[in-house]
Structures are given as structure tokens and as C-alpha cells.
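Hi,

Here is the structure I promised to send over. Have a look at it first, and then read on for what turned up.

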Amino acid sequence: MDSRVLRYFMPTLVFTILLKYINRTRHKSKALFIVALLAIVLSDFLTFYDYDAYFMWITILTSTYLICSTLIIRKYLNKGKLKAVLFLSVFIGFLLASYILYSVLDLIINYLPEGMLLFVLFTALCLLCFVIICAMIYVNDNYDHATFLLGSVLFNMFHMGLSPINEFISYNSTFTVLIVISHILAIYLFMKFISETKVIKAEDVKEKFF
């Protein structure tokens, strides 16, 4: 599809995921997730309408999605003390995620529209916080559907890292296909996790690390 079709197709697809989420959770729907998906609906429209002209708003809306998602997911994090092995695993994940973000920023920094660096840095910080919290939840291994969360994180990083490279440096239709697929999978898997997984109380968690 060309951008004229995608600017309507993508928001419609995201809105369909939102309707599926509301249908699954009904009165237990999280308002933050609804706000997050509405921000993505608008962001996707602007992305395929004129990425360069509306880049500031795209970063703001993307940051809104990441902040809302982080606030939602932190409830699944066991607030008890993490064991040393967890600290090590999360720390390694933090370094890898930071390096990937740094590499992308270093690559696109000279191609960004004027005055957009702070917006990009803020979005990168929001993404890093989201990735770290999700990594801690996954490594804790307290939830049956934690792989959904891991998949969502990986697809989010891929889509958010590749999008500006594809738009500002070297456009490729194959990259666009991969970005679109990873974008939708990231949202869908995250929706699956928060709609199918119940928060576990700290006293119900069995120790798995010694």
C-alpha cells in the first residue's frame, strides 16, 4: 500500500485492536490504554500523511503511548527486593537497549528537522524506561504470558528505531512493510498481555531465585 492508503488503514487497524481490547475487558478496561491507543491512532495518521512536517507531534504522541504503557505495566512489577541475578540480567538488558538507542540517535542526529533533538531524546528516554520495566517483569518470571510482553518490547524497539532511519536517511518499501508489521504486533501483544494477565500479589509469588 502507498502512504495515501496507509494513513487510513493503519489508524483503522489500531482502532480495531482498541475495540477488541474493550470487548475483552469490558468494564475493567484501563483508561490509560485507551488514551495510549488513541494517541497512536493519531500518530499513525500523521506518520503517513507527512512524517517530516509533523515529526514533533509524532514524537509527542509516541511518548504519550510509552508513558501510558509504562504506568500500566508497572503494576505487574513485584515491588519486593530483586535477587542479584535479576539485577545482573536487567543491567545487561539496560546496557543493550541503551546501546541500540544511542546507535540509532547517532545515525539520525544530522538528519533530524531543526529543533527536534530534545523531542527525540525524550521519546528515547520513555522507550528506555518502558523496556527496563518490561524486562524486569519478564525476568521475574511470575506471569504465564510474559513472552507476549517481551515480544511487544522487541517489536517496539525495532519499529521505533527503524522508522526515522527509513524516513530520514534511506527509504525502502521493504523496511516500511517490516515497520508496519512490527508496529501492529507490538500493540497487539501488549494488549494481549494486559487483557489476559492478572496482577499477582507479592505474597502469592513463589521464590525462584536463590
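What pattern does the protein follow, read along the sequence? The answer is α-α-α-α-α-α-α, and the count agrees, with 7 helices and 0 strands. Do keep in mind that this is a predicted model. Of the 210 residues in the protein, 45% are buried.

Now for the empty space inside. The structure holds 2 cavities of 30 Å³ or more. The largest cavity contains about 550 Å³ of space. It is lined by 32 residues, and those closest to its centre are Tyr51, His159, Met160, Ser163 and Pro164. If you want to find your way around the walls, the elements that each give two or more residues to this lining are helix H2 (31-50), helix H3 (55-73), H4, H5, H6 and helix H7 (173-196). Which of them gives the most? That is H6, with 8 residues. As for chemistry, the lining of the largest cavity splits into 19 nonpolar, 11 polar and 2 charged residues.

Next, the pockets. The largest pocket has a volume of about 350 Å³. Its lining is made of 20 residues, with Ala97, Val131, Val153, Leu154 and Met157 the closest to the centre. Helices H4, H5 (117-140) and H6 (146-169) each supply at least two residues of that lining. How many of the lining residues are charged, and how many are nonpolar? There are no charged residues in the lining of the largest pocket, while 17 are nonpolar and the other 3 are polar.

H4 is worth a second look for its surface too. Leu95 is found in this helix, which covers residues 84-108. On the surface, Leu95 joins Phe91, Ile92, Phe94 and Leu96 in a nonpolar patch. Together these five residues have about 470 Å² of accessible area. Is Leu95 itself buried, partly exposed or exposed? Leu95 counts as partly exposed because its relative accessibility is 43%, and that class runs between the 20% limit for buried and the 50% limit for exposed.

To pull the H4 threads together: this helix helps to line the largest pocket and the largest cavity, and Leu95 of H4 belongs to the nonpolar patch on the surface.

Have fun with it, and shout if anything is unclear.

Cheers

Note on methods: Residues numbered from 1 in each chain as written. Predicted model: local features only at pLDDT ≥ 70, side-chain atom pairs only at ≥ 80, totals over all residues. Heavy atoms only, no water. Patch = residues over 30% accessible without salt bridge, like charges linked within 9 Å, V, L, I, M, F, W, Y side chains within 5 Å. Areas by Shrake-Rupley, 256 points an atom, 1.4 Å probe, with all protein chains shown as cover. Salt bridge = Lys/Arg side-chain N within 4 Å of Asp/Glu carboxyl O. Helix = DSSP H or I, 4+ residues; strand = E, 2+ residues; numbered from the N terminus. Buried < 20%, exposed > 50% of the residue type's maximum accessible area, 1.4 Å probe, protein only. 1 Å grid on protein atoms, 1.4 Å probe; cavity = no way out; pocket = protein on both sides within 12 Å on 5 of 7 lines; lining within 4 Å. Points joined across faces, edges and corners; volume = space filled by probe spheres on them. Nonpolar A, V, L, I, M, F, W, Y, C, P; charged D, E, K, R; others polar.
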